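Biologist: Could you take me through the aromatic rings in this model, with a close look at how one pair is arranged? I would also like to know how far I can trust the coordinates around it.

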Amino acid sequence: METETVTSAKVTQDETLLIRRILDGQTALYRQLAGRYAGQVLRMVARLVPSPQEAEEVTQDTLLEAYQSLARYDAQKASFQTWLLRIAYHMALKHYRQHRKHVATVDMEQQWLDAIPDAEADALLDDTTAHRVALMEKAIDQLKPDDQMLLNLYYFDNRSVRDIACITDHEEPYLHSRLQWIRKKLAIIIKTLESNEER
């Protein structure tokens with residue numbers, strides 16, 4: 001853990017120096033800096049922009065926006081990677097809202113969510129049998145895109161709630177409760193899918 005912290009601090013220091021050189025006129029170095037994270041940006045964008053061509057365009061727009069905003073980057077608030085993903089998240093969300101087609105998502109009454117205990121939801125979602133994983137994938141597809149993104153950032157990208165708060169502009173307490181709410185919602189969808197299979 002200590003090694004990771006030292007490595008992270010060194011990366012931040014190196015990037016801060018690189019950014020300073022870019023802002024001082026060595027603009028060609030931006031390609032090197034952006035290249036480190038272009039793949040991560042594309043993966044994030046693709047979660048909300050399924051068309052590969054459009055995802056690539058939004059990724060390029062994100063990298064351009066980051067370049068144009070580079071003077072406003074504050075290394076004290078977030079790593080360059082997190083700051084860049086924040087721009088990507090908002091640009092992908094904006095693109096999604098402008099171009100979205102109707103996708104069937106599941107709306108749930110709060111009382112249904114309150115009725116399922118946290119432990120039961122956790123047990124359902126922690127089951128990694130092939131059948132349950134297949135149901136989980138179907139259930140995730142029925143979530144709203146921004147909930148899918150939160151789920152991906154936290155569970156699949158292993159991002160801290162602090163990083164996610166920076167990326168999404170949400171407060172940490174809200175994210176903690178939202179993530180638990182999403183887990184409960186997934187559990188209910190999985191139970192419903194299982195029930196439908198038994199009919």
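Modeller: Happy to! Let's begin with Phe 80 and Trp 83, both of which are buried. Please keep in mind that this is a predicted model. The two residues belong to helix α5, which covers residues 80-99, and they are three residues apart, about one turn of the helix.

How do the rings themselves meet? A pair of aromatic rings is described by the distance of the centres and the angle of the planes. For Phe 80 and Trp 83 the centres are 5.7 Å apart and the planes are at 40°, so this pair is tilted: stacked would call for planes under 30 degrees apart, and edge-to-face for over 60.

A useful counterpart is the pair formed by Tyr 154 and Tyr 155. Their ring centres are 4.8 Å apart with the planes at 90°, so the pair is edge-to-face. Tyr 154 is partly exposed, at a relative accessible area of 31%, and Tyr 155 is partly exposed too, at 30%. Phe 80 and Trp 83, by contrast, are buried.

Back at the part you asked about, Phe 80 and Trp 83 also belong to a wider group: ring pairs join them with Tyr 37 and Tyr 73 in a cluster. The structure as a whole holds six aromatic pairs. Another aromatic ring, that of Trp 181, has a charged partner: the charged end of Arg 178 sits over this ring, 4.2 Å from its centre.

Now for the setting. The protein chain has eleven helices and zero strands. Of its 199 residues, 39% count as buried, Phe 80 and Trp 83 among them. If we take the contacts between residues at least 6 apart in sequence, 71% join residues at least 24 apart. The accessible surface of the chain comes to about 12,100 Å², and carbon and sulfur atoms account for 50% of that.

As for trust, the chain averages a pLDDT of 84, with 85% of the residues scoring at least 70. Confidence is highest in helix α4 (residues 52-68), at a mean of 96, and lowest in helix α6 (residues 110-115), at 66. Residues 1-6 deserve a separate word: pLDDT stays under 50 there, and the model has zero contacts for them beyond four places in sequence. Where pLDDT is low, the predicted coordinates should not be read in detail.

Conventions
Residues numbered from 1 in each chain as written. Predicted model: local features only at pLDDT ≥ 70, side-chain atom pairs only at ≥ 80, totals over all residues. Heavy atoms only, no water. Phe/Tyr/Trp six-rings, centres within 6.5 Å; stacked < 30°, edge-to-face > 60°. Helix = DSSP H or I, 4+ residues; strand = E, 2+ residues; numbered from the N terminus. Buried < 20%, exposed > 50% of the residue type's maximum accessible area, 1.4 Å probe, protein only. Lys NZ or Arg CZ within 6 Å of the ring centre and 35° of its normal. pLDDT = per-residue confidence, 0-100. Contact = heavy atoms within 4.5 Å. Areas by Shrake-Rupley, 256 points an atom, 1.4 Å probe, with all protein chains shown as cover.
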